[in-house]
Amino acid sequence: MFGFRSQRSKEEEKAGIQFLASMLVCYPEISSLSYDPRRSTLTFEFIVRGDYPARELDAFARLLSESIETYHVLVADEEVGANIWVEEVSAEKKTVMFHVERDVMTLERDELTLIARLFTERFGKALLVDEHSLQKLEEDFATVQSELLDQMLDQVQRREFRFRMHMVGLRENDRVVVYNR
């Protein structure tokens with residue numbers, strides 16, 4: 001009524017911002033990501049530069065989807081799907097963006113690592129990767145971000161946090177920026 005928010009709401013907002021920021025810090029292969037609170041989904045964007053035929057990009061999207069499904073069947077004995085689509089960002093610069101949408105409640109840290117590794121192995125230097133990887137950051141900062149991401153993924157899965165706002169995280173001039181939409 002008066003625009004006041006509860007303390008819990010403020011804490012959840014801060015936690016959501018930290019959650020997205022930690023993902024970007026821990027996974028420099030992710031160019032941007034967004035959270036949709038209505039559907040409880042995270043959408044990760046990966047940018048690839050180069051001249052790839054559409055059938056090759058579609059084949060990789062299928063491989064990625066099948067890999068995510070197989071991971072969850074093997075690790076958690078559950079069927080989990082991913083919505084993956086490819087978008088041409090710039091025809092003249094031959095740049096495409098892969099969108100990987102996942103339910104945040106079933107998202108696993110090792111799954112994120114698998115996704116990043118598949119992109120890196122398939123596209124190599126054509127994959128846009130932030131030069132500030134965990135290995136290049138101060139050891140204490142990298143450790144804190146990695147542990148924080150593990151803790152927050154666990155809390156999200158146990159439903160201790162419910163992010164109620166649409167958030168977007170992206171890289172901008174050597175920084176990670178997260179904002180509400």
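**Exercise 1. Work out how β5 and β6 pair, and what joins them.**

Solution. Start with the pairing: β5 (residues 167-172) and β6 (residues 175-180) run antiparallel, with 6 bridges between them. Here strands are DSSP runs of E with at least two residues, helices are runs of H or I with at least four residues, and both are numbered from the N terminus. Two strands count as paired if DSSP finds at least two bridges between them. Next, pick out one bridge: E172 is matched with R175 in β6. Finally, look at the turn: the two strands make a hairpin with 2 residues between them, and N173 in that turn has a positive phi of about 50°.

A quick word on the source: this is a predicted model, where local features need pLDDT of at least 70 and side-chain atom pairs count only at pLDDT 80 or more, while totals for chains, interfaces and linings use all residues. Residues are numbered from 1 along each chain as its sequence is written, and side-chain values use heavy atoms, leaving out hydrogens and water.

**Exercise 2. Put the strands of the sheet in order and find its edges.**

Solution. First, β1 (residues 32-36) pairs with β5 over 4 antiparallel bridges, and Y35 sits opposite M167 in β5. Then take β3 and β4 (residues 95-103): 7 bridges link this antiparallel pair, with S90 facing T95 in β4. The full order is β3-β4-β2-β1-β5-β6, an open sheet of 6 strands with antiparallel pairing. β3 (83-90) and β6 are the edges; each has a single partner strand, so one side of each has no neighbour in the sheet. Ignoring direction, neighbouring strands are turned by 20° against each other on average.

**Exercise 3. Place helices α2 and α3 on the strands.**

Solution. Begin with α2 (residues 54-76): this helix packs on the sheet, touches β3 and β4 (contact is heavy atoms within 4.5 Å), and its direction makes about 20° with that of β4. Angles run from 0 to 180 degrees between N-to-C directions, with axes fitted to C-alpha atoms, for helices over the stretch in contact. Now α3 (residues 109-123): this one lies across β2 (41-49) and β4, at about 160° to β4.

**Exercise 4. Compare the loop residues S40 and D77.**

Solution. Recall that most residues other than glycine have a negative phi. S40, in the loop between β1 and β2, has a positive phi of about 55°. D77, in the loop between α2 and β3, also has a positive phi of about 55°. Then check accessibility (buried under 20% relative accessible area, exposed over 50%, partly exposed in between; 1.4 Å probe, protein chains only). S40 is partly exposed at 23%, whereas D77 is exposed at 69%.
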